[in-house]
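I sat down with a structure I had not looked at before. These are my notes, in the order I looked things up.

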Amino acid sequence: MKTLKAGFILVVFALITAFGLKSTSEGYKIGDKATDFKLKNVDEKIVSLVNYKSAKGFIVIFTCNHCPYSIAYEDRIIALDKKYKTKGYPVIAINPNNPAVSKGDDFVSMQQRAKNKGFTFPYLFDEGQKIYPQYGATRTPHVFILNKKNGALMVEYIGAIDNNSQDATAVTEKYVEKAVDALLSGKKPALTTTKAIGCTIKN
């Protein structure tokens, strides 16, 4: 009887642990406070958001080298950085993939990709894959717009860059641009969440 009772308690505890507690792997929601990070850039320097003293916020984009969706968005990501970094919202790109699983996503390949494409933004390596789970990124590309407020980085938008992953000329809704424009006007984005379309993160 004692054995059965102990077994029942263990099962209940396991169920509570599995379903009753919020997992950090769920990532950020709109209105959450994002933590800073320290990741290595393709120029070998360590990048932290706290170093951007004049930034009003950030366009954090989880992306990679090999994914066709990420490749399709590269020019658009460069355009976003050029348009908004002078306004206080620079792009910070992070490669979340495990290079042992995802061929071509190693650090040297990242350096080559950034050089070949002329990336105007930091392209950081999530070594050990510690940062993307905190954010809750699941795809490449996956965007998180952060807004500085009273010294904290608040999550204001999560999702896709726009509504056409395949053809930039056919885009009719520029989600990220609208969200950042709203923040620059002192308003909340009208649309705060969209579905990120892309390759699954390789871990």
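My entries below go from the overall picture to single residues.

**Overall**

I should say at the start that this is a predicted model. I counted the secondary structure and got five helices and ten strands. Next I checked burial: 45% of the 203 residues are buried. I also looked at how far along the chain the contacts reach. Taking contacts between residues at least 6 apart in sequence, I found that 76% of them join residues at least 24 apart.

**The disulfide**

How many disulfides does the structure hold? I found one. For my own reference, a disulfide is a covalent bond between the sulfur atoms of two cysteines. Here the partners are Cys67 and Cys199, with 2.2 Å from S to S. I looked up the twist as well: the link of Cys67 and Cys199 has 90° about the S-S bond and is right-handed. The two ends come from distant parts of the chain, 132 residues apart. Cys67 sits in the loop between strand 4 (57-62) and helix 2 (68-84), while Cys199 is in strand 10 (residues 199-200).

Are these two cysteines buried or exposed? Cys67 has a relative accessibility of 0%, so I put it down as buried. Cys199 comes to 14%, so Cys199 is buried too.

I then turned to Cys64, which is in no disulfide. The nearest cysteine sulfur to Cys64 belongs to Cys67 and is 4.9 Å away. A disulfide needs the sulfur atoms within 2.5 Å, so that distance rules out a bond here. Cys64 has a relative accessible area of 2%, so Cys64 counts as buried.

**A cis bond and its neighbours**

I went through the backbone for odd spots. Most residues other than glycine have a negative phi, and most peptide bonds are trans. The bond from Thr140 to Pro141 is cis, with omega near 0°. Thr140 belongs to strand 7 (residues 139-140), and Pro141 is in the loop between strand 7 and strand 8.

Thr140 has a relative accessible area of 0%, so I noted Thr140 as buried. Which residues does Thr140 contact, leaving aside its neighbours within four places in sequence? My list has Phe62, Thr63, Cys64, Cys67, Tyr69, Ser70, Pro96, Ile197, Gly198, Cys199 and Ile201. Both disulfide partners, Cys67 and Cys199, turn up in that list, and so does Cys64.

On the other side of Pro141 I looked at His142, in strand 8 (residues 142-149). His142 is buried, because its relative accessibility is 6%. A polar atom of the His142 side chain lies 3.1 Å from the backbone nitrogen of Thr138. Leaving aside neighbours within four places in sequence, the contacts of His142 are Val60, Ile61, Phe62, Gly136, Ala137, Ile158, Gly159 and Ala196. Phe62 is on the contact lists of both Thr140 and His142.

**Two positive phi values**

I found Gln129 with a positive phi of about 50°, although it is not a glycine. Asn150, not a glycine either, has a positive phi of about 55°. Gln129 is in the loop between strand 6 (123-125) and helix 4 (131-135). Asn150 is in the loop between strand 8 and strand 9 (152-159).

Which of the words fits each, buried or exposed? Gln129 is at 16% relative accessibility, so Gln129 is buried. Asn150 is at 79%, so Asn150 is exposed.

**Helix 2 against helix 5**

I checked how helix 2 packs with helix 5 (residues 175-184): their axes come within 12 Å and cross at roughly 15°. That angle is under 35 degrees, so helix 2 is roughly parallel to helix 5. The crossing is right-handed. From helix 2, the contact uses Leu80, Lys83 and Tyr84. From helix 5, I wrote down Val176, Glu177, Val180, Asp181 and Leu184.

**Phe107**

My last stop was Phe107, in helix 3 (residues 107-117). Its relative accessibility is 12%, so Phe107 is buried. Phe107 and Phe125 are 18 residues apart in sequence, with 6.8 Å from C-alpha to C-alpha. Not counting residues up to four places away in sequence, Phe107 touches Lys40, Asn41, Val42, Glu44 and Phe125.

Methods:
Residues are numbered from 1 along each chain as its sequence is written. This is a predicted model: local features need pLDDT of at least 70, side-chain atom pairs count only at pLDDT 80 or more; totals for chains, interfaces and linings use all residues. Side-chain values use heavy atoms; hydrogens and water are left out. Helices (H or I, at least four residues) and strands (E, at least two) are DSSP runs, numbered from the N terminus. Buried means under 20% relative accessible area, exposed over 50%, partly exposed in between (1.4 Å probe, protein chains only). A polar contact is a pair of N or O atoms within 3.5 Å; within protein, one must be able to donate a hydrogen and the other to accept it, and residues adjacent in sequence count only if both atoms are side-chain atoms. Contact means heavy atoms within 4.5 Å. Axes are lines fitted to C-alpha atoms, for helices over the stretch in contact, and angles run from 0 to 180 degrees between N-to-C directions. Angles under 35 degrees count as roughly parallel, over 145 as roughly antiparallel, 65 to 115 as roughly perpendicular and the rest as oblique. A crossing is left-handed if the near helix is turned anticlockwise from the far one by less than a right angle, and right-handed if clockwise.
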